[in-house]
Amino acid sequence: TIFVRREMEAIDATAKLADRLGISTEALTDLQHAANIMGADTETLDKSLVFLSKSLGEAVTGIGEGKQALDRMRLSAANLVKVSPAEAVAQIADAMSELPSQAEKSFVAMKLFGRSGAQLVNMLSLGSEGLAEMREEAAKLGLSFSRVDAAQVEAANDAITRLKAVFTGVFRTLAIKLAPFIEIAAEKLTSFGTNGEGAASKIARGFEFVVK
């Protein structure tokens, strides 16, 4: 069904993103669930995690706006890049809870997670304990899946893509083979329509004949 196909595509995309970020598929889906519950969509979270990876990489070298945010929360970029992205998010969430105002939390979130980071403030306000609870909930709801599970879905998606390629190849070949005949037919119809009194007049006379 369309719903199964949509989920297969979502699992495939999640697995590939997890590979790029160096995070487990389970941890990524757990964070996606937490974001959704707290008012941010999956796409926002995914973009924010990609930005966080970039921010931490820059902060390790002593550059970037993310370093200012980490310094404000007394967090070490060198330590954060050594742990999993999910653990890094949990540590950042705990540190943000110590900030005195919502404005500072939004400021820090945007520096570390990009412009969409402000939409993650509610999720980050859960802290590491709240995120752990969301992880358990995601598992109970059947939202989490392993990389092995994702690999099976990726293989199925690849098979479907190849099957589509077969049909594309068939219709492409037909288009090439039929092109000369279509050209001839088009020229004949054009000639019929432009010779003498024109196609409109011929068709009109034909209707008149039928009526009579």
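Here is a short chat about the empty spaces in this predicted model.

Visitor: Before we poke around, which helix has the highest confidence in the protein chain?
Guide: Overall, the chain averages a pLDDT of 90, and 97% of the residues score at least 70. Confidence is lowest in helix H11, residues 199-211, with a mean of 73. At the other end, with a mean of 96, sits helix H6.

Visitor: Okay, how many cavities of 30 Å³ or more turn up in the whole structure?
Guide: Rolling a probe the size of a water molecule over the atoms shows where empty space is left. The largest cavity here has a volume of about 30 Å³. Searching the whole structure for cavities of 30 Å³ or more gives a count of one.

Visitor: Which helices each supply at least two residues of the lining of that largest cavity?
Guide: The lining is made up of Ala93, Met96, Ser97, Lys105, Val121, Leu124 and Ser125. Ala93 and Met96 are in that list, and one helix spans 85-96 while another spans 121-124. Those two are H6 and H8.

Visitor: And what charged residue is in that cavity lining?
Guide: By class, the lining splits into four nonpolar, two polar and one charged. Lys counts as charged, and the lining list includes Lys105. So the charged one is Lys105.

Visitor: Now the largest pocket: which elements give two or more residues to its lining?
Guide: This pocket holds about 310 Å³ of space. Its lining includes Glu7, Ala10, Ile11 and Thr14, along with Thr29, Gln32, His33 and Asn36. The elements you want are helix H1 (2-21) and helix H2 (25-37).

Key. Residues numbered from 1 in each chain as written. Predicted model: local features only at pLDDT ≥ 70, side-chain atom pairs only at ≥ 80, totals over all residues. Heavy atoms only, no water. 1 Å grid on protein atoms, 1.4 Å probe; cavity = no way out; pocket = protein on both sides within 12 Å on 5 of 7 lines; lining within 4 Å. Points joined across faces, edges and corners; volume = space filled by probe spheres on them. Helix = DSSP H or I, 4+ residues; strand = E, 2+ residues; numbered from the N terminus. pLDDT = per-residue confidence, 0-100.
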